[in-house]
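Me: I should like a close look at one part of this protein, with attention to its charged side chains and their surroundings. Please treat the matter as one connected account.

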Amino acid sequence: MPDHSAETHSAETHSTETNTAGPLAGVRVVDLTSVIMGPSATHILADLGADVIKIETPEGDSFRHYRPARGAGMGGNFLHLNRNKRSVRLDLKRAAARAALDRLIATADVFVHSMRPDAILRLGYGYARVHALKPDIVYCGAYGFGADGPYAHKAAYDDLIQAGSGLAALQTAAYGQPGYLPTVLCDKIAGQAIACAILAALYERRAGGGGQAVEVPMFETMVEFNFVEHMVGYAFEPPLGPPGFNRVLSPRRKPYRTRDGHACILPYSDRNWRDFFIHTGRLEFVDDPRFAPLAVRVENIEILYALVEEEAPRRTTAEWVSFCDSVSIPCMPVLGLEDLPEDAHLKAVGFFGSAEHPSEGRYRTMRRPVSFSGSRFAIRRHAPRHGEHTAEVLAEAGLDPAEIAALTLEETVQ
């Protein structure tokens, strides 16, 4: 089992020492992604121990420049998403920079990019050429839309994918009109899918299958993601009903107003509802055939959600949590982002910490949420300054000091 001791997770400061290599130690990733989708995938790989080499244009990843920041190009979001990576500045419009990247690819296990299919080909780094440089490489194209479809050349942003994948339309049932979730969910879900696909390809390579090309399109990823619970009767041919899972589409499915705040109060099982009815004095519902078993209850969920909404304001949030916890009814107070660092559970597992960046000073950290019994999470490297590791990484790729000096001088004076 993972070690959840104080030494592992509860310290105020997350370790930046190299006393843990991580499960992916020895895997080198050449990363041509930027902003959130691709970097969130390589963030996972880096935290798991991979040597992620972030290739940046002379302007740098645009995510660097979001404010607030203490230093130029080192915004707060960038610090988290790009830790444990090394930054190499290369202007790939220049032949010398592409030659240097070629040599670096020859040392890599994984090549991942988030450019559109035609753009990566124009740059000269389609799968055929990268495979020629390193025959067993795992090559991952992180696209907005699958390369074989008519949308392949469309720009892809989280809002666009929320609209196109059905996610925005799902808000109509609850709010009367389509809407975007206030988080870049599509970017982050796609990032998880990219990391998972790369790990699967690495596993197959280790088993003797060799390298291969992997495609992870955000649009298709989110369509599949949305249909997991919303397929229902639409799964059959001919359909037994329209797509859409009624319970989660209900406008009454929401945090309920309590006497002093809001909470998620979610009786789910037969026993949960019986305890809820007894606690609230609604005994007329205890043996009501509309509410048991589960399949029948889901068909009448609007009545029950209305009941919870009616009862919730009669007690404080703390009273609801205390009662629900005592009888194992799922319940959580609604916590704001600013509340989370003080949450008792997150403190106990040492989720938040702090570290000292050599140029940006003290900053808040979050550990990798997963744990391994064989290794302990560590921030091996702080988020890199733009091009911080250019000379170091190019030397590892076999460039001599004169070549590195000429290349870095060229990058600087352009």
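Reply: In this predicted model, a suitable starting point is Asp270, which is partly exposed at a relative accessible area of 40%. Its side chain meets that of Arg297 in a salt bridge, with an N to O distance of 2.7 Å. Asp270 belongs to helix α12 and Arg297 to helix α13, so the pair ties together parts that are 27 residues apart in sequence. Arg297 is buried, its relative accessible area being 2%.

Helix α12 also holds a salt bridge between Arg271 and Asp275, whose closest N and O atoms are 3.3 Å apart. These two residues are four apart in α12, and about one helical turn separates them. An α-helix has 3.6 residues a turn, so residues three or four places apart point the same way. Arg271 is exposed, with a relative accessible area of 58%, whereas Asp275 is buried at 13%.

Beyond α12 (270-279), the loop that leads to α13 (294-299) contains Arg282. Arg282 is buried, with a relative accessible area of 17%. Apart from neighbours within four places in sequence, Arg282 is in contact with Phe277, Leu307, Glu310 and Glu311.

Helix α12 is also among the elements that cover the buried residues of α15, together with β8 (262-265), α14 (301-311) and β9 (331-333). In α15, which spans residues 317-326, the buried residues include Thr317, Trp320, Val321, Phe323 and Cys324. For Cys324 the relative accessible area is 0%. Just after α15, Ser328 takes a positive phi of about 60 degrees.

The cysteines deserve a separate remark. The count of disulfides is zero. Cys324 is in no disulfide, and the nearest cysteine sulfur, that of Cys331, is 4.0 Å away; a disulfide would need the two sulfur atoms within 2.5 Å. Elsewhere, the sulfur of Cys196 lies 11 Å from the closest cysteine sulfur, in Cys140, which is too far for a bond. Cys196 is exposed, at 52% relative accessibility.

To return to charged pairs, the whole structure has 32 salt bridges. One of them joins the side chains of Arg83 and Asp47, at 2.6 Å from N to O. Arg83 lies in the loop between α3 (76-81) and β3 (85-89) and Asp47 in helix α2 (residues 37-47), so this pair ties together parts 36 residues apart in sequence. Arg83 is buried at 2% relative accessibility, and Asp47 is buried at 7%.

Definitions and conventions. Residues numbered from 1 in each chain as written. Predicted model: local features only at pLDDT ≥ 70, side-chain atom pairs only at ≥ 80, totals over all residues. Heavy atoms only, no water. Buried < 20%, exposed > 50% of the residue type's maximum accessible area, 1.4 Å probe, protein only. Contact = heavy atoms within 4.5 Å. Salt bridge = Lys/Arg side-chain N within 4 Å of Asp/Glu carboxyl O.
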